[in-house]
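Reader: I am new to this structure. Can you take me through it, one feature at a time?

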Amino acid sequence: MPEVFDQAPPARQAGPAEIRFEGVSKWYGGSRESGFLAVDAVDLEVRRGELVALLGKTGCGKSTLFNMIAGLQAPSAGTLRVQGHDPFRDFAALRGHISIVFQNDRLLPWRNALDNAAFGLEMMDVPKAERHAKARHWLARLGLHGHEADYPHALSGGMRQRVAIARAFATEAPIMLCDEPFSALDEITASRLRGEFSELVRETGRTAVFITHSIGEALEIGSRIVVLQRPARIAYEATMAGAGEAERTQIRARIRETLAL
Amino acid sequence: MASGTAPAPRLPGLSAAGSFGRAALTVLPFLTLAALWQAGSTVLPPYLLPPVTEILGRAATILTTGELLGEVLATVARTLGGLAGAFLLGGLLAALMGRSRLTARLLSPLLTFLQGIPALSWVVFAVIWFRGTEVRIFFIMLVTTLPAFTFQLLDAYRSIPRDLAEMVASFRPRRWQMFSRLVWPAVLPGILTAWKVNLGNASRVVVVAELVGATGGVGYELLQQQQLFDMAGAMAWTLQLVLFVLLVQWAISAIEAAAFRYRAVSERAL
Ligand SMILES: Nc1ncnc2c1ncn2[C@@H]1O[C@H](COP(=O)(O)OP(=O)(O)OP(=O)(O)O)[C@@H](O)[C@H]1O
Ligand SMILES: [Mg+2]
C-alpha cells in the first residue's frame, strides 16, 4: 500500500510554519529515565491555515502538548516555536495570538456569561463596548442569547462549555487550540458547531489544532490528521485535503489500526 | 408549612423560618439568659449579679455620654488599627510565601513560634521595648494577630484553582491583570473570613494590651470597675466590645452577601 499520506502535506497549501516542534519531550519529575515521560521527542509542524486534528488514546499526552504550545508548561527537551517565539519564555510577545478551548470550561465563577466570554478580549485591552459586542455576538451564535447575565453556576455543563468556546472564538486569535471542545454537547449542536468551526478557520485563514477522541470528527474537519501513541509520539499522519472517498476509507482504517496498537 | 412556591429555607430543618422567625431564633436564647440572670439578681447581692436593667442602663449611659463613648471609640480604633497593620503586613508575607517555597519554609516555623507566645508576654515585652502607650498597643495588636492573618491569607492564595490560573495565564495577562481579575476576586472570600476571625481575637487582646498604661479605653475602664467592685459597670463596658464585634461582623456579612451572589446555593445542606 503506498504511504502517500504519511508524508508532509503538499506545498501548495503550506503557509509559513506557525507551530514547530523539534524533538520536544516532556517528563514530569526527575529525568527522562526516572520521571514520568508524557511526550517523547515529537517533531511536528503546523502551517498557517491548517486545521490539524489530533487523535490519541486517553493519557497519551495531548493536553500536555497543548499546554506547551500555550506556554503554560516548558518542554523538558527540544525546541518549540510558535510564530517564531518560545511560547514559555516570550510571554508577552504572543499576547492575543493564541486562544484555547480547554477540556473543561474553566469559567470564572464570579463573572456572568457575557464577562466570561469577553475575558480574553479584556486581557488584550479591547474597550468594554467593543468586547461586549463581540462576546454577545459569539454567545448568540452559540445559542446562548438571553443567558448573558447568568452566572456559571446557573448554566448547564454544555452551556458553560459553549461560553468557553465563545471566550476563545471572540479573541479572533490567529492560532486556536481546542481540547475536545464539543464533547460535552449533544450531537446536533456539536455537528453544527463543527461545521461552523472549520468554516471559520478556513474563512479567516486561522491555524487550529484540534484534539478529539472521535475518528469521525477528525475526518470531518481536519485538513490533516495526526495520531499519537503513548507516550505522545507521532504514530501516523495523513493529509485530508483533496482526499477522495476511497482514500478517506483507507485513512479511517489506518487510524483505527494505529489507535488499536 | 412552606408552600410549593415559597423560597427554599436557608436554615436546614427549619422549614417555616421566615425572616421574622430567624430574628426570633437569634434573640430567644439571649432573652432566656437575661430572664434567668434577672431572676438570679433578686436572690444574690448586686456585686455578684446586678439586675439586667441596671447593666443595660449603664451600657446606654456609656453610649450616650460623649467622654465615655470616646473611650469605646479609642479601643475600637486600636483594634482596627492593629488589624489593618496585621492585614497589610500579613498580606505581604503571604504573597512572598505563596510565590516562593523557600520563603514559606523559612517563615512558617517563625510565625508558628510567634503564635505560641501569650498576649500577656507581649504586653511585658512592649512595655520594656517601646515608649508611648499607642505604640505599645499597636505593636501588641500587630504581633498577636499577624501569624493567623498571614496563614489565612496564604491559604486563600494557595486555594486559587490551578485550572483557572492556567486559563487566565493562557491569555498572557500583565501582572496587574492577573492580580485584579483572578487573584483578588479569588481570595476575597478568604480575606473577609480572616477579618471576621481575627476581629474576635483582636477584641480579646486589645483589653489586655490596654494594661500597658492606657489612661482610657475599655481595658482601662474594666480595671477601674474591678477596683470598685462594680459588676454592672464591668459588664456594661464588656458589652461595648461585644457590640462592636457584632456590628463589624454584621457589616462583613453584608458585604459578603452582596459580593458573593454568584455563588451557588445548594438546596440541601452538606
Ligand atoms: N502535572 C503532571 N504531573 C505528573 N504527570 C502528569 C501531569 N500532567 C499530566 N501528567 C501525565 O501525563 C500523561 C499525559 O497527560 P495528558 O493530560 O496530556 O493526557 P491527554 O492525552 O490529554 O489525555 P485525555 O485524552 O484523557 O485528556 C498522563 O499519563 C498524566 O498522568
Ligand atoms: Mg486531555
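Author: Yes. Keep in mind that this is a predicted model. Start at the ligand. An oxygen atom of ligand 1 is 2.8 Å from an N or O atom in the side chain of A:Gln103.

Reader: Which other side chains place a polar atom by an oxygen atom of ligand 1?

Author: A:Thr58 does, with a polar side-chain atom 2.5 Å from a ligand oxygen. A:His213 does too, at 3.0 Å.

Reader: How much of ligand 1 does the protein bury?

Author: On its own, ligand 1 exposes 640 Å². The protein buries 64% of that area.

Reader: Which elements give two or more residues to the shell around ligand 1?

Author: Look at chain A. Strand S2 (36-47) and helix H1 (62-70) are the elements that do so. H1(A) gives the largest share, three residues.

Reader: Which residues surround ligand 1?

Author: Read them along chain A. The shell begins with A:Tyr28, A:Phe36 and A:Ala38. Then comes a run from A:Thr58 through A:Gly59, A:Cys60, A:Gly61, A:Lys62 and A:Ser63 to A:Thr64. A:Gln103 and A:His213 complete the list.

Reader: How many of those shell residues are nonpolar, polar or charged?

Author: Four are nonpolar, seven are polar and one is charged.

Reader: Now the two chains. What is often used to give the size of an interface?

Author: The accessible area lost when the parts come together is often used. Here, chain A and chain B bury about 2,400 Å² between them. Carbon and sulfur atoms give 61% of that area.

Reader: Which residues of chain A lose the most area to chain B?

Author: They are A:Arg106, A:Trp110 and A:Met123. Together they make up 29% of what the chain A side buries.

Reader: How many residues does each chain bring to the contact?

Author: Chain A brings 30 residues and chain B brings 20 residues.

Reader: How many salt bridges are counted between chain A and chain B?

Author: Four. One to find on screen joins A:Arg106 and B:Asp163. Their closest N and O atoms are 3.6 Å apart. A:Arg106 is also among the residues of chain A that lose the most area to chain B.

Reader: And how many residue pairs are in polar contact between chain A and chain B?

Author: There are 13 such pairs, counted where both residues have pLDDT 80 or more.

Reader: Which elements of chain A supply at least two residues to the side that touches chain B?

Author: H1, strand S5 (98-101) and helix H3 (119-123) each do. H3(A) gives the largest share, four residues. By class, this side of chain A has 16 nonpolar, seven polar and seven charged residues. Note H1 of chain A again: it also gives residues to the shell around ligand 1.

Reader: Next, the backbone. Where is there a cis peptide bond?

Author: Check the omega angle. The bond joining A:Arg230 and A:Pro231 is cis, with omega about -5 degrees. A:Pro231 sits in the loop between strand S8 (224-229) and strand S9 (233-239) of chain A.

Reader: Which residue other than glycine has a positive phi?

Author: A:Gln83 is one to look at, with phi near 50 degrees. A:Gln83 lies in the loop between strand S4 (77-82) and S5 of chain A.

Reader: Last, chain B. How many helices and strands are there?

Author: Chain B has ten helices and zero strands. Along the sequence, the pattern is α-α-α-α-α-α-α-α-α-α. The C-alpha atoms of chain B fill a box of roughly 70 × 65 × 30 Å along the principal axes.

Methods: Residues are numbered from 1 along each chain as its sequence is written. Chains are lettered from A and ligands numbered from 1 in the order in which they are written. Side-chain values use heavy atoms; hydrogens and water are left out. A residue is near a molecule or strand if one of its heavy atoms lies within 4 Å of it. A polar contact is a pair of N or O atoms within 3.5 Å; within protein, one must be able to donate a hydrogen and the other to accept it, and residues adjacent in sequence count only if both atoms are side-chain atoms. Accessible areas come from the Shrake-Rupley method with a 1.4 Å probe; for residues, only the protein chains shown count as cover. Ala, Val, Leu, Ile, Met, Phe, Trp, Tyr, Cys and Pro count as nonpolar, Asp, Glu, Lys and Arg as charged, and the others, Gly among them, as polar. Contact means heavy atoms within 4.5 Å. Buried area is the accessible area (1.4 Å probe) that two parts lose on being put together, summed over both. A salt bridge is a side-chain nitrogen of Lys or Arg within 4 Å of a carboxyl oxygen of Asp or Glu.
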